[in-house]
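The following exercises are intended to be worked with the sequence and the three-dimensional model side by side. Please attempt each task before reading its solution.

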Amino acid sequence: GINSAPTVTTGAASGITQTAAVCAGTINATGCTAITAYGIEYSTTSGFPNGTGTQVASSNLSGGNFSSNLSGLTASTQYFYKAYATNAGGTTWGLEQTFTSASPNPTINVTALAAFGNICINTTAGPNSFTISGANLTTANVTVAALAGYTYSTTSGGTYTTTLSLAQPGGTYSQQIFVRFSPTAVQSYNGNIVVDGGGVAAPVNVAASGAGVNTAPSVTTGAASAITQTTATAAGTITATGCSAITAYGIEYSTTNGFPNGTGTQAAASNLSGGSFSSNLTGLAPSTTYYYKAY
């Protein structure tokens, strides 16, 4: 007389994610009594003794086949599993199989890049900077794509290029990126610097903001002095030179109040010092009111 236990075979693992998997089994023979329990037992220990792992019961037996849904797994971890089945004669296990849970998805994050504002054309501003932070990356290079008007370097005083391709070992990664802005036209240079690579599913954007300008000087009109019947000295101050060197400056005057710029008589000066200058006005008419402005 006998009371045999079931015969069971361990099947394949499928549907593997970071935290879950589906493991299969087959009951080849039920033994002498009805099956009372069946499922998958698993562990992170290779060759774990029968009955010492975590058992996940199944209830979907069909044609001798079944599967168990394993959950709560740890990412990037190797698991060992075996099918089991129980009847009144006891519990039997299939041969041990293994799978590795999926690794976390690669991710890249970036910090903000400070705006450059209005910058004179054909000059260079910066560097400003942003930082790339990666996690669970593959060993693929991290790339920084071109954006018109901007160049990049991994060091503040290093060589700046229009693109970067950064070698990295995978896993965790951090790199500060220095950015210079060099506008060549009077226009906006707003856009996104695209950071990609390292196995990420989608690139990330770093907003870049700046504008090219070509500003004229700023000037204020000063007082008049040394006034005679036919001459006077009128002062001015250049408070900002603008985007390029000053090529001319002086006083423009007229007998017409509110005269349009450029319609008066210009008296050029050549004595600029500390931003201040003066022009000598001559050939004036006695007892006449004159209006003047610095240019």
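The exercises below concern a predicted model, and each is followed by a worked solution.

**Exercise 1. Overall form**

Determine how many helices and strands the protein has, and establish whether the protein is spread out or a compact globule.

Solution. Begin with the secondary structure: the protein has zero helices and 24 strands. Next, compare the radius of gyration with the globule rule. The radius of gyration is 41 Å, whereas the rule gives 19 Å for 295 residues, so the protein is more spread out than a compact globule. The dimensions can then be read along the principal axes, where the C-alpha trace spans about 145 × 35 × 25 Å. Turn next to burial: 33% of the 295 residues count as buried. Finally, consider the contacts between residues at least 6 apart in sequence; 65% of these join residues at least 24 apart.

**Exercise 2. The disulfide**

Identify which cysteines form a disulfide, and locate both partners in the secondary structure.

Solution. A disulfide is a covalent bond between the sulfur atoms of two cysteines. The step that needs a cut-off is the pairing of sulfur atoms, which must lie within 2.5 Å. The sulfur atoms of Cys 120 and Cys 243 are 2.0 Å apart, and these two residues form a disulfide. By this rule the count is one disulfide. The angle about the S-S bond is -80°, and the link of Cys 120 and Cys 243 is left-handed. The pair links distant parts of the chain, 123 residues apart: Cys 120 belongs to strand β10 (residues 117-120), while Cys 243 sits in the loop between β20 (232-240) and β21 (250-254).

**Exercise 3. Accessibility of four cysteines**

Classify Cys 120, Cys 243, Cys 23 and Cys 32 as buried, partly exposed or exposed.

Solution. Two cut-offs are needed: a residue is buried under 20% relative accessible area and exposed over 50%, with partly exposed in between.

- Cys 120 has a relative accessibility of 21% and therefore counts as partly exposed.
- Cys 243 has 17% and therefore counts as buried.
- Cys 23 has 0% and likewise counts as buried.
- Cys 32 has 41% and therefore counts as partly exposed.

**Exercise 4. Backbone geometry**

State which peptide bond near Pro 127 is cis, and describe the settings of Asn 136 and Ser 287, each of which has a positive phi.

Solution. As background, most residues other than glycine have a negative phi, and most peptide bonds are trans. A cis peptide bond joins Gly 126 and Pro 127, with omega about 15°. Pro 127 is placed in strand β11 (residues 125-137). Asn 136 also lies in strand β11. The phi of Asn 136 is positive, about 55°, although this residue is not a glycine. With a relative accessible area of 36%, Asn 136 is partly exposed. Ser 287, also not a glycine, has a positive phi of about 55°. Its place is in the loop between β23 (276-281) and β24 (291-294). At 85% relative accessibility, Ser 287 counts as exposed.

**Exercise 5. Two loop residues**

Describe the surroundings of Leu 73 and Gly 149, leaving aside neighbours within four places in sequence.

Solution. Start with Leu 73, found in the loop between β5 (65-70) and β6 (78-87). Its relative accessibility is 5%, so Leu 73 counts as buried. Its contacts include Gln 18, Thr 19, Ala 20 and Ala 21, together with Tyr 42, Tyr 79 and Phe 99. Leu 73 and Thr 17 are 56 residues apart in sequence, and their C-alpha atoms are 8.8 Å apart in space.

Proceed to Gly 149, in the loop between β12 (142-144) and β13 (150-153). At 23% relative accessibility, Gly 149 counts as partly exposed. Gly 149 is in contact with Arg 180, Phe 181, Ser 182 and Tyr 189. The C-alpha atoms of Gly 149 and Gln 18 are separated by 42 Å, and the two residues are 131 residues apart along the chain.

**Exercise 6. The largest pocket**

Find how many residues line the largest pocket, and state the class composition of this lining.

Solution. The volume of the largest pocket is about 180 Å³. Its lining comprises 15 residues, and those nearest its centre are Ile 227, Ala 232, Leu 284, Thr 288 and Tyr 290. Sorted by class, the lining has 10 nonpolar, five polar and no charged residues.

Definitions and conventions:
Residues are numbered from 1 along each chain as its sequence is written. This is a predicted model: local features need pLDDT of at least 70, side-chain atom pairs count only at pLDDT 80 or more; totals for chains, interfaces and linings use all residues. Side-chain values use heavy atoms; hydrogens and water are left out. Helices (H or I, at least four residues) and strands (E, at least two) are DSSP runs, numbered from the N terminus. Buried means under 20% relative accessible area, exposed over 50%, partly exposed in between (1.4 Å probe, protein chains only). Contact means heavy atoms within 4.5 Å. On a 1 Å grid over the protein atoms alone, a cavity is a set of points where a 1.4 Å probe fits but cannot get out, and a pocket is an open set with protein on both sides within 12 Å along at least five of seven lines; lining residues have an atom within 4 Å of a point. Grid points are joined across faces, edges and corners, and a volume is the space filled by probe spheres set on the points. Ala, Val, Leu, Ile, Met, Phe, Trp, Tyr, Cys and Pro count as nonpolar, Asp, Glu, Lys and Arg as charged, and the others, Gly among them, as polar. The radius of gyration is taken over C-alpha atoms; the globule rule is 2.2 Å times the number of residues to the power 0.38.
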